There are 2 protein chains.
Amino acid sequence: MTDLAAASPLAPARPASSEPPLGFVLVDAARLYRARIDRAFEGAGLGLTAGEARTLAYVDFHPGLRQSALAEKMNVEPMTLVGFLDRLEAAGLVTRETDPRDRRAKIVTLTPEATPHLAGVLTAAATARREATCGFSEAEQALLRDLLLRLRDNLAREHRSRDEK
Amino acid sequence: MTDLAAASPLAPARPASSEPPLGFVLVDAARLYRARIDRAFEGAGLGLTAGEARTLAYVDFHPGLRQSALAEKMNVEPMTLVGFLDRLEAAGLVTRETDPRDRRAKIVTLTPEATPHLAGVLTAAATARREATCGFSEAEQALLRDLLLRLRDNLAREHRSRDEK
DNA sequence: CTTGATAGTAAGGTTATCTTATTATATATC
DNA sequence: GATATATAATAAGATAACCTTACTATCAAG
């Protein structure tokens with residue numbers, strides 16, 4: 001351990017309890033979580049990656065959105081979404097239909113075939129969640145979710161405001 | 001929204017408050033956080049990616065470890081660490097020295113040149129954290145960190161037990 | 001001194017993400 | 001209504017962060 005904090009008044013105040021800073025813990029946790037989810041998907045025989053599954057779930061929660069609006073909901077660039085939708089569409093799980101009010105835009109919806117896949121996704125996600133939150137009370141689980149939502153929205157807001165510059 | 005939950009008793013119980021399941025929120029939050037950190041690093045002129053910075057911080061917290069032990073601490077595969085160390089070593093920020101007690105193994109330590117980089121990393125991480133946890137009380141911030149640590153350790157334990165099979 | 005495990009690494013692959021440029025279409029302006 | 005500008009999706013191509021598998025050097029045990 002360097003003596004940085006002591007050596008320099010310019011060094012950031014290292015939060016006493018933060019051996020690994022919050023961001024590192026978050027990124028580590030997310031990597032493990034994603035790996036766990038990927039494995040669960042693989043085990044379930046859904047031919048879906050985590051990103052595709054996430055897209056499927058978002059379309060389910062927000063059906064009928066344009067791609068650009070969906071990308072914004074998901075906090076990814078439109079081009080990132082294109083890739084996910086290409087594969088989901090090729091698999092017959094979503095449709096892209098030209099918006100009659102603006103023929104540049106496309107409306108994304110789930111096909112009926114998506115239903116069992118979505119069920120598999122949610123089951124796998126629930127399994128991973130149960131494992132990840134082993135030992136958590138209901139309240140703790142809800143608390144974690146709410147804290148993460150607030151954190152995500154803080155960052156998303158900042159991210160967006162920097163885009164529209 | 002499909003009517004899955006109603007339609008099938010086999011469908012996972014969808015936690016009432018969980019529009020996006022916990023895992024999705026976590027993965028989204030982590031992506032935004034990492035992007036924010038990358039931007040902060042770029043802005044600070046450190047020629048480091050998030051993964052390299054994370055490695056640097058881990059070596060600072062756990063100096064003198066062998067690569068395999070360090071990889072385990074970081075919850076990545078040894079080969080993933082090799083890439084990070086290759087670049088950090090090329091940049092003159094870490095050294096890999098043969099362990100005299102086992103000449104297969106290498107001991108990783110920071111060089112003196114790493115000090116300012118590490119300071120930059122911690123400053124950037126602190127900035128990102130301040131932004132991400134805008135509106136959080138001290139207690140909430142600590143709570144989030146502890147919940148994430150527990151979650152990470154749950155997943156890491158599972159991950160490890162599956163390896164040694 | 002062989003035999004089998006272990007530490008690091010080379011080679012190569014995948015996923016998720018981005019940026020930049022292109023095309024079609026819409027909207028505003030003159 | 002012709003022209004300029006903005007927007008929606010996308011093609012092309014890059015990068016970071018992982019992983020798996022196979023090889024090499026070394027150790028440790030018989």
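Is Glu131(B) buried, exposed or partly exposed, and what is its relative accessible area? I looked it up: Glu131(B) is partly exposed, at 24% relative accessible area. Buried means under 20%, exposed over 50%, and partly exposed lies in between (1.4 Å probe, protein chains only).

**Before going on**

I noted that this is a predicted model, where local features need pLDDT of at least 70 and side-chain atom pairs count only at pLDDT 80 or more, while totals for chains, interfaces and linings use all residues. Residues are numbered from 1 along each chain as its sequence is written, chains are lettered from A and ligands numbered from 1 in the order in which they are written, and side-chain values use heavy atoms, with hydrogens and water left out.

**Entry 1: the partner of Glu131(B)**

I found that Glu131(B) forms a salt bridge with Arg36(B), with the closest N and O atoms 2.4 Å apart. A salt bridge here is a side-chain nitrogen of Lys or Arg within 4 Å of a carboxyl oxygen of Asp or Glu. Glu131(B) sits in helix H6 (residues 114-132) of chain B and Arg36(B) in helix H2 (residues 22-43) of chain B, so the pair ties together parts that are 95 residues apart in sequence. Helices (H or I, at least four residues) and strands (E, at least two) are DSSP runs, numbered from the N terminus. Arg36(B) counts as buried, at 9% relative accessibility.

**Entry 2: where chain A meets chain B**

I saw that 66 residues from chain A and 66 residues from chain B take part in the contact; contact means heavy atoms within 4.5 Å. The area buried between the two chains is about 7200 Å², and carbon and sulfur atoms give 69% of that. Buried area is the accessible area (1.4 Å probe) that two parts lose on being put together, summed over both. On the chain A side, Leu22(A), Phe24(A) and Arg145(A) lose the most area to chain B, together 10% of what that side buries.

I then looked at the charges and found 10 salt bridges between chain A and chain B. One of them joins the side chains of Arg36(A) and Glu158(B), at 4.0 Å from N to O. Helices H2 (22-44), H3 (50-61), H6 (114-132) and H7 (138-163) of chain A each give two or more residues to the side that touches chain B. H7(A) gives the most, with 16 residues. By class, that side of chain A has 38 nonpolar, 11 polar and 17 charged residues. Ala, Val, Leu, Ile, Met, Phe, Trp, Tyr, Cys and Pro count as nonpolar, Asp, Glu, Lys and Arg as charged, and the others, Gly among them, as polar.

**Entry 3: a buried pair across the chains**

Which residue of chain B meets Asp28(A) in a salt bridge? I found Arg54(B), at 3.0 Å from N to O. The pair crosses from helix H2 of chain A to helix H3 of chain B. Asp28(A) is buried, with a relative accessible area of 0%, and Arg54(B) is buried too, at 5%. Both belong to a network of salt bridges that also links Arg31(A), Arg152(B) and Asp153(B).

**Entry 4: DNA strand D**

I counted 24 residues around DNA strand D, the closest being Arg31(A), Arg104(A), Gly51(B), Arg54(B) and Thr80(B). A residue is near a strand if one of its heavy atoms lies within 4 Å of it. Of the strand D atoms within 4 Å of the protein, 72% belong to sugar or phosphate and the rest to bases. A polar side-chain atom of Arg96(A) lies 2.9 Å from a phosphate oxygen of strand D. Arg96(A) also forms a salt bridge with Asp86(A), with N and O 2.3 Å apart at the closest. Thr49(B) has a polar side-chain atom 2.7 Å from a phosphate oxygen of strand D. The surface near strand D has 8 nonpolar, 5 polar and 11 charged residues.

**Entry 5: DNA strand C**

Of the 22 residues around DNA strand C, I noted that Gly51(A), Thr80(A), Arg31(B), Ser68(B) and Arg104(B) come nearest. A polar side-chain atom of Arg104(B) lies 2.5 Å from a base oxygen of strand C. Lys106(B) has a polar backbone atom 3.0 Å from a phosphate oxygen of strand C. By class, the surface near strand C has 6 nonpolar, 5 polar and 11 charged residues.

Note on methods. Polar contact = N/O pair within 3.5 Å; in protein donor to acceptor, adjacent residues only side chain to side chain.
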